[in-house]
Amino acid sequence: MFFSAFLLSRALLASTVFAVPTSRLDGGIARRVGRQLATPFRPTETATSTATSSPSSTDPAVLSSNVWAGAGLESPANTYQSITGTLVVPHLQPATGGAIEGIYGGSAWVGLDGMTCQTSLMATGIQFIYLNQTILANSWTEVYPNPAVTMSMPVNAGDVVKLTLTATSSTTGTAVVQNLSSGQSSTVGLTSTAPLCLADAEWIVEDFEEGTFLMPFADFGSITFSDASATTQDGGTVGPCGSGSHLIDMVQSGLQFASASCAASSVTVDYLTSIPF
Ligand SMILES: *[C@@H]1O[C@H](CO)[C@@H](O)[C@H](O)[C@H]1NC(C)=O
Ligand SMILES: *[C@@H]1O[C@H](CO)[C@@H](O)[C@H](O)[C@H]1NC(C)=O
């Protein structure tokens, strides 16, 4: 089929890019946040609590997105200051039904203002790629609308990685990616041309896009952001599952690709299925 052949040619292009060392990936297939899709990202609210499923009124509302799964906190402007979460870089499998020799990927990140703020967004996380049975991973940070920048911190499948993003003002911040097993870390200062809203904080697993090419979503099993919390400008610390929390499920072509759940200090995203080329 024409469409599949087109995607395949894009994938082989992507493979070529990924044959270079990760330090040179900045200009290549750097991940993009959902809101950089042609339609700006705002998850549509679906399946909010109904009387029949009788969840308590404090249960997080469930949203769906074509490229994001995870959890996010939404509050008035100037609420949040930082966000953190720790995850294990996943061992990947091909997309459900996908060839062993192929390319699949995704990313996992923490961010401020990815959901509702229309002016800016800061995020830091890891990108993971399965390419012909090899797993490639790197760490990155991004300030919207600039492309993601690869950080010097190397990450491998199985590493326990702590991600922390802090807004130091409405236009500046720091991103820290730390290998908790070794203590090694990388810190990058961030500057935004437009002010942050500091109105939302999110823990997200993403099916990222490069140009118009949506990466076939890798089977990552399950990713848990543990020790997940956000700090507020009044000095408080909040978990991902409390007041103002939304869960986000990933749905593409009518199929649920990933589902999210949260607890007091964790967010778990489970891979369900995806579509290879
Ligand atoms: C991945 O495998 C495919 C199919 O065997 C091959 O055509 C392609 O060159 C490989 N890509 C890389 C980067 O090894
Ligand atoms: C992270 O730390 C562990 C423990 O020292 C080490 O085995 C692993 O290789 C480190 N990861 C990277 C990418 O250096």
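This passage describes selected residues, a strand pair, a ligand shell and the nonpolar core of a predicted model. Local features were considered at pLDDT of at least 70 and side-chain atom pairs only at pLDDT 80 or more, while totals for chains, interfaces and linings use all residues. Residues are numbered from 1 along each chain as its sequence is written, and chains are lettered from A and ligands numbered from 1 in the order in which they are written.

Helices (H or I, at least four residues) and strands (E, at least two) are DSSP runs numbered from the N terminus. Glu206, listed by UniProt under "active site" in an unreviewed entry, belongs to strand 12. UniProt positions follow the numbering used here, feature names are shortened, and annotations may be inferred rather than shown by experiment. A residue is buried if 20 or more other C-beta atoms, placed from the backbone, lie within 10 Å of its own, exposed if 12 or fewer, and partly exposed in between. Glu206 is buried because 28 other C-beta atoms lie within 10 Å.

Asp207 is located in the loop between strand 12 (200-206) and strand 13 (209-210). Asp207 is also buried, with 25 C-beta neighbours inside 10 Å. Contacts are defined by C-beta atoms, placed from the backbone, within 7 Å. Apart from neighbours within four places in sequence, Asp207 contacts Val67, Gly106, Leu214, Met215, Phe217 and Met250. The C-alpha atoms of Asp207 and Phe257 are 9.7 Å apart, with these positions 50 residues apart along the chain.

In contrast to these buried positions, Gln133 is exposed, with 11 other C-beta atoms within 10 Å. Gln133 occupies the loop between strand 6 (122-131) and strand 7 (134-143).

Strands pair if DSSP finds at least two bridges between them. Strand 10 (residues 172-179) and strand 11 (residues 185-191) run antiparallel and are joined by seven bridges. Thr174 is placed opposite Gly189 of strand 11. Five residues separate the two strands of this hairpin, in which Gly183 has a positive phi near 85°.

Ligand 2 is surrounded by Pro154, Val155, Asn156, Asp159, Asn179, Ser181 and Ser182, where a residue counts as near if its C-beta atom, placed from the backbone, lies within 6 Å.

A nonpolar core is a set of buried Ala, Val, Leu, Ile, Met, Phe, Trp, Tyr and Cys residues joined through C-beta atoms within 7 Å. The largest such core has 71 residues, and Ala260 is among those with the most contacts inside it. Beyond four places in sequence, the contacts of Ala260 include Ala69, Leu247 and Val267.

Technical notes. Two residues are in contact if their C-beta atoms, placed from the backbone, lie within 7 Å.
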